Amino acid sequence: MNNGFLILTNGVSAPVADVPVLPMAPFRQMVLDAVLNGGARVAAFFVLPPENGGESRLIAVLAAPQQHQILVASGVIENNCYPAFTTECPAFHWFEREIYEQTGILPQDHPWLKPIRFQPAADGTAPAPGVTDYFQLQGDAAHEVAVGPVHAGVIEPGHFRFQCLGETVHFLEIELGYQHRGLEQLLLNGPVPQTPHWIETAAGDSSIAAATVYQTLIRGLSPDLPPEPESAGIWRAIMLELERIANHTGDLGALAGDVAFLPTASYCGRIRGDYLNLTAMLCGNRFGRSMWTAGGAALPIPASAAAVLRSKMDELRGQLNNALALMFDTPSVLDRLENTGVVTTADAASLGLVGVAARASGLKMDARHDFPLPGIPVLETVPHEPVGDVFARAVIRRQEIAASDRRIMDLLGLIREDLPAAPSVWQVPVLQPDRIAAAVTEGWRGELWQVAVTDANGKFRRFKIVDPSFHNWAGLAMALRGEEISHFPICNKSFNLSYCGHDL
Amino acid sequence: MLKVLQARFRQGFRTGKFPAVPPNLPEHFRGRPEITPDRCSDCRSRICLSACPANAVQMAENGVTIDLGRCLFCGKCAAACESGAIRFTGEYRLGAMKRDSLICRPGAMPEPEQAENPELRRLCGRSLKIRQVSVGGCAACELDFNVLNTLAWDMGRFGIQVAASPRHADCLLITGPVTENMLLALKKTYAAVPRPAFVIACGSCAVSGGIYAGSPVVHNGVEDILPVDLYVPGCPPHPAVLLEALLYLMGRKRGPIA
Ligand code: SF4
């Protein structure tokens, strides 16, 4: 089934000329077949403009988890349009809206072709943010609730339209783009000194995941970089798990807060900060910013830091377990979480959900298991829950906190030597010309992809970031179908998706 | 209920003692940089200028200047500098009411800015209601502002609270470079704040556009759009930096030396 594809592995590059170029019809057939029947899922789907004249191509990057392979192929776009893939497979729907918005290339028969970011079109015309047609429920009793872009809390902007009958939401439509900073555009013709910092701030609560993926990608495109000491990758993996624990802790606390269970909300708010402080202990910044560059670690980490981290983890573990047990042992909390905001396994699979949301809906996937990073132990077990409700998403996070904790302890056991700071952390890496590479790891929300294509000068001709939120906003909308509108906050919190990671 | 009480005892009292004592900053914390004068004079490489991702380093007469309003505190300039002219210190009292106070010049570490906003002090010295607006922020500034609300920092004890509606707010705390797509919403939010309305630019993006300055779909920070009363540098500002800056804005004396 994978015959027609170029096969890559995580962070290993290939000449861009090796990407198969197919006419649109067989390309479409092959890609859809791989996704619908072959167990693959769409990781990235974008347009590669021609370099010197010629036709634009549609590039599909598929994740084939069973084989631990990344499949790449391309189809030639003629007459600025092609038959939409969404009609056969909804997992493409957001990608195709993005393609249309970014390039004007028309996916024909796309059922709901609207902007996703309200970014200026290729011809420079800029649509007003949020101004578009919305799905509407008709009838005397129907009413519409519109929320945002500015919300009532300390949270990023987005616009939500609820179509309701009484208290029941029949349809939620989410329009984003308010955080659009033009990131993919900025990344073109890089790398430049800003590049790693742009990457880290794509979604600032996932900086370590983003830096990890970027690091993997750059190493694939730049084989001359001196090898890192083994412990660099291990410390990076440790920081990735700290990022996961901190965010899951914060979200579980916030979930408790949203159902007015204040003890867990208060304790988790504090404990989340303590985990961030462990990251800061290693690198000076609570979000792990500026620590990982193409050359390696910006600061040295002595081997003795392992013992310190171990004892701090031991200290926090009991406090966190205590705070979480309180919440999960309280029937009034469970009553709010159970059977609320259900996304079925079938819906999750067809929409192409990833990460926590996918695992809570019974889909077993985790990039640490499916696409391990070189030198880092594979994640053996992937927890998943069948029901797909708010409770399942909470339980998955609780399980992942425990698993990350164990993983950190295991990884700390592998630290044998001091990690020196990399020489020349400020230098911009030199990349091979005309290559393509894709890299992925599991951030705390889900899998985070970066795909880069270099030009004849080794500069980025295309740089694609696919944040897990890009797939999962549709899952939140689905979770609200038939749900009471008052359940929106806990549904939303159980996903806690990124606006900026989506908007770029 | 019993479990809740048991947990309460177990979790203990966790609110930090700041500002009575200096904040607990990490060992590698990068605060205000110190620039040794004249070390730059023999340097031809100017490597710090090209190393800086934020365009924060500029040549000056007896060395370089660093604009904290742009700086990410990544430390790359210090790592790149061959003559050791740049050193990041633990000085966390970075918030400033004047934009110029964010420019670090060669020479001994200055005392933190001492300025006053008498109107804000009179109206909000004991109670400051903040409406946060994210206009392209990456969520880090937002999260570390939220942290001040947790019991670790408990900004409520100083009368600082988050307001859900701009109509209930004294000031806006703005994060992000101001995206084109949020410009209208930002202006409308500002218009909804009762006068006098104060503005805090939090993080390098909000102060100057940060690393997003120059993107065709963002504005370069808040400054050209709204009058700014307080600048808080950082990417993101450490919670201690932000809280110290807020208290300073309210008219308290600056925090203790770290
Ligand atoms: S620490 Fe600030 S001034 Fe120095 S290189 Fe980084 S962003 Fe530039």
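In this predicted model, the shell around the ligand is made up, by class, of 12 nonpolar residues and 1 polar residue, with no charged ones. In total, 13 residues surround the ligand. The closest are four cysteines, B:C52, B:C71, B:C74 and B:C77, together with the glycine B:G75. Cysteine is counted here as nonpolar and glycine as polar, so the four cysteines belong to the nonpolar part of the shell, while B:G75 is its 1 polar member.

Attention now turns to the meeting of the two chains. Here, 57 residues of chain B are in contact with 61 residues of chain A. The area buried between chain B and chain A comes to about 4,800 Å², and carbon and sulfur atoms give 61% of this. Three residues, B:Q11, B:N181 and B:Y212, supply 15% of the area that chain B buries against chain A, which is more than any other three residues.

Polar and charged pairings also occur across this interface. There are 20 residue pairs in polar contact between chain B and chain A, and 2 salt bridges are found as well. One of the salt bridges joins B:K3 to A:D329, with their closest N and O atoms 3.6 Å apart.

On the side of chain B that touches chain A, the elements giving two or more residues are the helices α1 (2–11), α2 (47–51), α3 (76–80), α5 (140–146) and α6 (183–192), along with the strand β6 (128–134). By class, this side of chain B has 34 nonpolar, 14 polar and 9 charged residues. Charged residues thus have a place at the interface, whereas the shell around the ligand has none.

How values were computed
Residues numbered from 1 in each chain as written. Chains lettered and ligands numbered in written order. Predicted model: local features only at pLDDT ≥ 70, side-chain atom pairs only at ≥ 80, totals over all residues. Heavy atoms only, no water. Contact = heavy atoms within 4.5 Å. Buried area = accessible area lost by both parts, 1.4 Å probe. Salt bridge = Lys/Arg side-chain N within 4 Å of Asp/Glu carboxyl O. Polar contact = N/O pair within 3.5 Å; in protein donor to acceptor, adjacent residues only side chain to side chain. Helix = DSSP H or I, 4+ residues; strand = E, 2+ residues; numbered from the N terminus. Near = heavy atom within 4 Å.
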